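Visitor: I would like a close look at a single part of this model. Please take me through it slowly, with its cut-offs stated as they come up.

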Amino acid sequence: YQPIPLPTSIAFEPINLCNAKCFCCPYTTLSEDKTYHGKAMSQEQIGTLLHDYGSLIKKYQVKDYTCAVSPWRYSDPLVQPNLEYIMELCNHYKIKIGLCTNGVSFTKKQCEILNKYIHLTGNIHMSVIGHTEEELWEFMKIKKSKTLESLKFVKDNYPEISKRIRIGIKHNAVINEKSYMQGCAMGGGRILRQMEVLVGGQTVLCCDDAEGKTNYGNVFEIGIEKAWQNLQKEHDIIYDIKY
């Protein structure tokens, strides 16, 4: 194992906001806390984060489009008011963008932005929990009719976006006490190469930390490189442990 000098991907929460309440997502509980719900990074903070990342990519001479950002952790990136600004900066630094959505917010405005920067995106992953109208409402608080309407709108008007959408359908029946949360098994080493940043800039160990129980420094105060160095002390331990 050789540590890398910068994260190859960064997942950050530009805003604590989602248009769904999936039963298995921490946002559903956290959103009930008024100090959490709706808290957002300013455009200046988003710029600081992405300019910092872009400068590291150049410093270490990483090939174009090798690094990526996911502008969401527990939110839906399509409800992010600074989505276009994020994509503009990623386009400037040749950073790819990972998107996962519930599909409700495929509006004309959002689709125009996605279409403009389609070269930055790979597959657009969409999660659906349940099969029927009743199940989607029970498990996600989303109307199935609205989801289908949004998908038809994309298919009819933005075929390039539609081609990239990959829908994973899950059901509550398969998520039980025995199978729920088996652990990521480091997801092909993702924990060793991805940085997770909360809305306030705090760096946490992995995507499972929703409440900031771990803290490896604030990227707005010490920068991405220093926070990454702090994380690598844990990476050494993680790599040596057999799960």
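How many bridges join strand 1 to strand 2, and in which sense do the two strands run?

Guide: Three bridges join strand 1 to strand 2 (residues 68-70), and the two strands run parallel; strands here are DSSP runs of E of at least two residues, and helices are H or I runs of at least four, both numbered from the N terminus. This is a predicted model, in which local features need pLDDT of at least 70 and side-chain atom pairs 80 or more, while totals for chains, interfaces and linings use all residues. Residues are numbered from 1 along each chain as its sequence is written, and side-chain values use heavy atoms, leaving out hydrogens and water.

Within that pairing, Ile10 of strand 1 stands opposite Val69 in strand 2. On another side of the story, strand 1 also pairs in the parallel sense with strand 6 (residues 194-197), over four bridges, where pairing requires at least two DSSP bridges, and the bridge partner of Ile10 in strand 6 is Met195. Ile10 and Phe12 point one way from strand 1 (residues 9-12), whereas Ser9 and Ala11 point the other way, and all of these residues are buried (under 20% relative accessible area with a 1.4 Å probe and protein chains only, against over 50% for exposed and partly exposed in between). In a regular strand the side chains alternate between the two faces of the sheet.

From strand 2 the pairing carries on to strand 3, again in the parallel sense, over two bridges. Val69 has Ile97 as its bridge partner in strand 3, and Ala68 stands opposite Lys96 in strand 3. Strand 3 (residues 96-101) has a covered face, made of Ile97, Leu99 and Thr101, and an uncovered face, made of Lys96, Gly98 and Cys100.

Taken together, the strands form an open sheet of seven, in the order 5-4-3-2-1-6-7 and with mixed pairing. Strand 5 (165-170) and strand 7 (203-204) stand at the edges, and because each has a single partner strand, one side of each is left without a neighbour in the sheet. Helix 3 packs on this sheet, touching strand 1, strand 2, strand 3 and strand 4 (121-129), where contact means heavy atoms within 4.5 Å. The direction of helix 3 makes about 150° with that of strand 3, such angles running from 0 to 180 degrees between N-to-C directions of axes fitted to C-alpha atoms, for helices over the stretch in contact. Helix 8 lies across strand 1, strand 6 and strand 7, and runs at about 140° to strand 6.

Both of these helices also pack with helix 2. Helix 2 (residues 43-59) and helix 8 (residues 219-240) meet at an angle of about 20°, with their axes 9 Å apart, which makes helix 2 roughly parallel to helix 8 (under 35 degrees, with over 145 roughly antiparallel, 65 to 115 roughly perpendicular and the rest oblique). Gln45, Thr48, Leu49, Asp52, Tyr53, Leu56 and Lys59 of helix 2 make this contact with Val219, Phe220, Gly223, Ile224 and Glu225 of helix 8. Helix 2 and helix 3 (residues 83-93) pack at about 15°, with their axes 10 Å apart, so helix 2 is roughly parallel to helix 3 as well. Residues of helix 2 in that contact include Ile46, Leu50 and His51, and from helix 3 the contact is made by Tyr85, Ile86, Leu89 and Tyr93.
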